[in-house]
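This report looks at how two helices meet and what surrounds them. Have the coordinates open while reading.

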Amino acid sequence: MTSEPVTSEPVAAPLPAAFRVHCDPGLMIPAPAAAGAGGIVLLGGSPLRLMALSAPGARVFAALRGGATVGAAGPGAGLLARRFVDAGLVHPLPPCQATPVNAVTAVIPVRDGAGLVDGAARAVRRGRRRRRRLPGCHLGRGHRGRRPSDSA
């Protein structure tokens, strides 16, 4: 029977490869001489932390800071990026995903103006500002002009 080492810290999952990071505005990078041998020192986060990076870690940080995705930043970038995020030194930026047009739900709250709902619904379906129809747009109607006490 083998025994696993016991740790009080949960195992952190790496940041997903498609993510990017944005440096916290309070992040400071003191003089490189403080790290030595091509590494750097990061100071920031909340609570305030001092993190020394080796030369390979500094290269990963430079790639992430330059806008590279976690997957393209280099070996070990996912775990290192997770440590940066957990320390509050950087903030994760998930990849942008386009929302399909038919995933939009428009809710038009109406209390005493039921006659205005049809005009609003037509405007939403037409895409009034973009002059583009939203054929898959689902429209939710609330009380259809009734007060909530009338619907019981």
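How are H1 and H2 oriented to each other: roughly parallel or roughly perpendicular? The model is predicted, and the answer comes from its helix axes.

**The helix pair**

Two packed helices are described by the angle between their axes and the distance between the axes. H1 and H2 pack at an angle of about 75 degrees. Their axes are 10 Å apart. Angles of 65 to 115 degrees count as roughly perpendicular, so H1 and H2 are roughly perpendicular to each other. On the H1 side, the contact is made by Gly57, Val60, Phe61 and Leu64. H2 contributes Ala77, Leu80, Ala81 and Phe84. By type, the residues of this contact are seven nonpolar, one polar and no charged.

**The aromatic pair**

The structure holds one aromatic pair. Its members are Phe61 and Phe84, in an edge-to-face arrangement. The ring centres are 5.5 Å apart, with 85 degrees between the planes. Planes over 60 degrees apart count as edge-to-face, which is why the pair is classed that way. The pair links distant parts of the chain: Phe61 sits in helix H1 and Phe84 in helix H2, 23 residues apart. Both rings belong to buried residues, as the table shows.

| Residue | Relative accessible area | State |
|---|---|---|
| Phe61 | 3% | buried |
| Phe84 | 0% | buried |

**What surrounds each helix**

Which residues of H1 are buried? They are Ala55, Gly57, Ala58, Val60, Phe61 and Leu64. These residues pack against strands S1, S2, S3 and S4 as well as H2.

H2 covers residues 77-87. Its buried residues are Ala77, Gly78, Leu80, Ala81, Phe84, Val85 and Ala87. Their cover includes strand S2 (40-44), strand S3 (49-53), helix H1 (55-65) and strand S4 (90-93).

**After the helices**

Each helix is followed by a glycine with positive phi. Gly67 follows H1, with phi near 105 degrees. Gly88 comes just after H2, with phi of about 80 degrees.

**A contact before S1**

Where does Ala17 lie? It is in the segment before strand S1 (20-23). Leaving aside neighbours within four places in sequence, Ala17 is in contact with Thr69, Val70 and Gly71. Ala17 and Ala72 are 55 residues apart in sequence. In space, their C-alpha atoms are 7.6 Å apart.

How values were computed. Residues numbered from 1 in each chain as written. Predicted model: local features only at pLDDT ≥ 70, side-chain atom pairs only at ≥ 80, totals over all residues. Heavy atoms only, no water. Helix = DSSP H or I, 4+ residues; strand = E, 2+ residues; numbered from the N terminus. Contact = heavy atoms within 4.5 Å. Buried < 20%, exposed > 50% of the residue type's maximum accessible area, 1.4 Å probe, protein only. Phe/Tyr/Trp six-rings, centres within 6.5 Å; stacked < 30°, edge-to-face > 60°. Axes fitted to C-alpha atoms, helices over the stretch in contact; angles between N-to-C directions. Parallel < 35°, antiparallel > 145°, perpendicular 65-115°, else oblique. Nonpolar A, V, L, I, M, F, W, Y, C, P; charged D, E, K, R; others polar.
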